[in-house]
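Here are some exercises to work through with the structure open beside you. Try each task on your own, then follow the solution step by step.

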Amino acid sequence: MDERPPLPPFTAETAARKARAAEDAWNTRDPERVSLAYTVESAWRNRDRFVSGRAEIVALLTEKWSRELDYRLIKEVWAYEGNHIAVRFVYESHTATGQWFRSFGNENWEFDEHGLMRRRLAAINDVPIDEADRLFHWPLGPRPSDHPGLTELGI
């Protein structure tokens, strides 16, 4: 069994490292890579969709990133205990027609003993924004270490 450190039980430091690793992976927009952080039978609620297992996760993310273009994400730990982490996140993306959105969400994560996520519950709201109002301007890929997080941005 592969391990995905840090492993539970989480501390403030390891929960933050886990959230940043998830953020970095999601910012690659590579569904196969992202899926490897989840158990083979991982269960998700993403908005109004329920998916189970890595194949369904890959399908959902492939569809997501085909319509959410130039996606950039920041995650921040909200709370942690034992093998659970709650994060808040914000991402910006645009549609094929050029409409930008800022999407706000919360996720509850549950990990197995190997550090793989076995449950992900996400609630997300989208707000249309003008391109001039964007806050996330780094080159596509993981957020640079010197780019401010959500708290520093006042979000």
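Keep in mind that you are looking at a predicted model.

**Exercise 1. Which element gives the most to the lining of the second largest pocket, and what classes of residue does that lining hold?**

Step 1. Start with the space itself: the second largest pocket has a volume of about 150 Å³.

Step 2. Find the residues around it. The lining is made of R47, R67, E68, Y91, S93, H94, T95, F101, S103 and D126.

Step 3. Assign them to elements. At least two lining residues come from β4, and at least two from β5. The top contributor is β4, with 3 residues.

Step 4. Sort by class: 2 residues are nonpolar, 4 are polar and 4 are charged.

**Exercise 2. Describe the largest pocket in the same way.**

Step 1. The volume of the largest pocket is about 230 Å³.

Step 2. There are 16 lining residues, and those closest to the centre of the pocket are R4, K18, A21, A22 and A37.

Step 3. Two or more residues each come from α1, α2 (31–35) and β5. Helix α1 gives the most, with 5 residues.

Step 4. By class, this lining has 12 nonpolar, 1 polar and 3 charged residues.

**Exercise 3. In what order do the strands of the sheet lie, and which strands stand at the edges?**

Step 1. Trace the sheet from one side to the other: 6 strands follow the order β2-β1-β6-β5-β4-β3, in an open sheet with mixed pairing.

Step 2. Look at the two ends of that order. β2 (49–52) and β3 (69–81) each have a single partner strand, so one side of each lacks a neighbour in the sheet.

Step 3. Check the twist: on average, neighbouring strands are turned by 20 degrees against each other, direction ignored.

Step 4. Now see what "mixed" looks like. Strands of a sheet can pair in a parallel or an antiparallel way, through backbone hydrogen bonds. Strand β1 (residues 38–46) pairs with β6 (residues 117–129) in the parallel sense, over 5 bridges. Strands β5 and β6, by contrast, run antiparallel and are joined by 12 bridges.

Step 5. Pick out single partners. In β6, R120 stands opposite W44, L121 is the bridge partner of R45, and P128 is the bridge partner of F101.

Step 6. Finish at the hairpin of β5 and β6, with 5 residues between the strands: here G115 has a positive phi near 85 degrees.

**Exercise 4. Which strands does helix α1 lie across?**

Step 1. Locate α1 at residues 12–27; this helix lies across β1, β3, β4 (84–94), β5 (100–111) and β6.

Step 2. Add the direction: α1 runs at about 165 degrees to β3.

Step 3. Set another helix beside this picture. Helix α3 (residues 54–67) packs on the sheet and touches β1, β2, β3 and β4, with its direction at about 50 degrees to that of β1.

**Exercise 5. Why does the aromatic pair of F10 and F111 tie together parts that are 101 residues apart in sequence?**

Step 1. Count the aromatic pairs, taking ring centres within 6.5 Å as the cut-off: there are 9.

Step 2. Examine F10 and F111, whose rings are 5.1 Å apart centre to centre, with 70 degrees between the planes. The pair is edge-to-face, because planes over 60 degrees apart count that way.

Step 3. Place both residues: F10 is in the segment before α1, whereas F111 is in strand β5, so the pair links parts 101 residues apart in sequence.

Note on methods
Residues are numbered from 1 along each chain as its sequence is written. This is a predicted model: local features need pLDDT of at least 70, side-chain atom pairs count only at pLDDT 80 or more; totals for chains, interfaces and linings use all residues. Side-chain values use heavy atoms; hydrogens and water are left out. Two strands pair if DSSP finds at least two bridges between them. Helices (H or I, at least four residues) and strands (E, at least two) are DSSP runs, numbered from the N terminus. Axes are lines fitted to C-alpha atoms, for helices over the stretch in contact, and angles run from 0 to 180 degrees between N-to-C directions. Contact means heavy atoms within 4.5 Å. Rings of Phe, Tyr and Trp (its six-membered ring) pair if their centres lie within 6.5 Å; planes under 30 degrees apart count as stacked, over 60 as edge-to-face and the rest as tilted. On a 1 Å grid over the protein atoms alone, a cavity is a set of points where a 1.4 Å probe fits but cannot get out, and a pocket is an open set with protein on both sides within 12 Å along at least five of seven lines; lining residues have an atom within 4 Å of a point. Grid points are joined across faces, edges and corners, and a volume is the space filled by probe spheres set on the points. Ala, Val, Leu, Ile, Met, Phe, Trp, Tyr, Cys and Pro count as nonpolar, Asp, Glu, Lys and Arg as charged, and the others, Gly among them, as polar.
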